[in-house]
Amino acid sequence: MFEGLSVFVLVIVAVVIFYLLRAIRMVPQGYNYTVERFGKYVRTLQPGLGLIVPFIDRVGAKQNMMEQVLDIPSQEVITRDNAMVKVDGIAFFQIVDAPRATYEVRDLNNAVVNLVMTNIRTVMGSMDLDNLLSQRDDINQRLMSVVDQATQPWGVKMNRIEIKDINPPRDLVDSMARQMKAEREKRAAILEAEGLRAAAILKAEGEKQAVVLEAEGRKEAAFRDAEARERFAEAEAKATEMVSNAIAAGDVQAINYFVANNYIKALESIATSPNQKILMLPVEAASVIGSIGGIAEIAKEAFGGQAPTSNARRGSVPNVTPRS
């Protein structure tokens, strides 16, 4: 009797242990498990310890809720200007709703890959080759917007779609290189021409300024020269007037000074002439001495009746009256 009881207890314990093993589910972090009852979805198990009804419930799918990476295979795309390019990319997505990712689409990864490839052909085929090569960020944004909207019913969030490589044909690459070189040479020639033009303008401006300054200098010099001649003429006129007044008043000394001064100037002019080496003057010495005597008398009157010191040392000059 006791042996039969112990066997029954052991059977009960074994059934309980088996039941618990079937009922308890350990869900790792980053995963969600869907629970199906008689083949119909009923709930989702979150990370940690979960319980289900054995023989009635079962785990339907184990969905990875972490961000996942999909490599987009290379494919050929014809651009709007009929250029053939090879394009590949990479997609980052995350499941946000495990039941929808399980029951709304079959083979989620394959569906996402094909959806991205299709939209790559659509977006890039509507662009010219130049825009395709220079607006990669814009292409990525347009792809992500379109694909994210298309995957929302699947419980998927598209985080990023990146175009890795865009490879045009080799002959097209060579043509683009020649075009770029020609464009750079054109810009270089334009810049060089603009530099020469600017240099020529600056040189002309400098020469113009120099001519203007030189003309202003000549104008100023001529003005000052004319002013000097005017003052000299005024001085000469004043001196002539004074001598004329003295002569008119009958001042013999003034007459003698005027004659001697002009006489000496005439001698100076003749003596300094470059083509005169010997000078013979048929003049009377008494006339010159008389004129010099007149100058001495004028000096005496200017110094208060006394002759200058230099004349006193040398001796007085007699007043000689010229003989006719």
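## Exercises: salt bridges, a helix and two cores

**Exercise 1.** Work out what the salt bridge between Asp71 and Lys164 links.

*Solution.* Start with the distance: the side chains of Asp71 and Lys164 meet in a salt bridge, 3.3 Å from N to O. That passes the cut-off, a side-chain nitrogen of Lys or Arg within 4 Å of a carboxyl oxygen of Asp or Glu. Next, place the partners: Asp71 sits in strand E6 and Lys164 in strand E8, so the bridge ties together parts 93 residues apart in sequence. Here helices (H or I, at least four residues) and strands (E, at least two) are DSSP runs, numbered from the N terminus. Last, check the accessibility: Asp71 is exposed at 52% relative accessible area, while Lys164 is partly exposed at 36%. The classes are buried under 20%, exposed over 50% and partly exposed in between, with a 1.4 Å probe and protein chains only.

A word on the ground rules: this is a predicted model, where local features need pLDDT of at least 70 and side-chain atom pairs count only at pLDDT 80 or more, while totals for chains, interfaces and linings use all residues. Residues are numbered from 1 along each chain as its sequence is written, and side-chain values use heavy atoms, with hydrogens and water left out.

**Exercise 2.** Describe two more of the structure's 11 salt bridges.

*Solution.* Take Asp148 and Lys157 to begin with: their closest N and O atoms are 3.5 Å apart. Asp148 is buried at 12%, whereas Lys157 is partly exposed at 38%. Now go to Glu183 and Arg187, where the closest N and O atoms are 4.0 Å apart. Both lie in helix H6 (residues 170-248), four residues apart, about one turn of the helix. An α-helix has 3.6 residues a turn, so residues three or four places apart point the same way. Glu183 is partly exposed at 37%, and so is Arg187, at 42%.

**Exercise 3.** Check the span of helix H3 (residues 108-125) and find what its buried residues pack against.

*Solution.* The expected span is 1.5 Å times one less than the number of residues. For the 18 residues of H3 that should give 26 Å, and the end C-alpha atoms are 26 Å apart, which agrees. Then list the buried residues; among them are Leu108, Val116, Asn119, Ile120 and Met124. The buried residues of H3 pack against strands E6, E7 and E8 and helices H2, H4 and H5.

**Exercise 4.** Which residues have the most contacts inside the largest nonpolar core, and which residues are in the second core?

*Solution.* A nonpolar core is a set of buried Ala, Val, Leu, Ile, Met, Phe, Trp, Tyr and Cys residues joined through side-chain atoms within 4.5 Å. The largest has 35 residues, and Leu108, Ile120 and Met124 have the most contacts inside it. H3 gives the largest share of this core, 10 residues. Zoom in on Met124: leaving out residues up to four places away in sequence, Met124 touches Val77, Thr79, Val87, Leu132, Ile139, Ile163 and Ile166. Contact means heavy atoms within 4.5 Å. A second, separate core of six residues includes Val27, Leu45, Ile52 and Val59. Val27 belongs to strand E1 (residues 24-27) and is buried at 5%.

**Exercise 5.** Say how confident the predictor is.

*Solution.* pLDDT, the predictor's confidence in each residue, runs from 0 to 100. The chain mean is 79, with 75% of residues at 70 or more. Over residues 305-324, pLDDT stays under 50.
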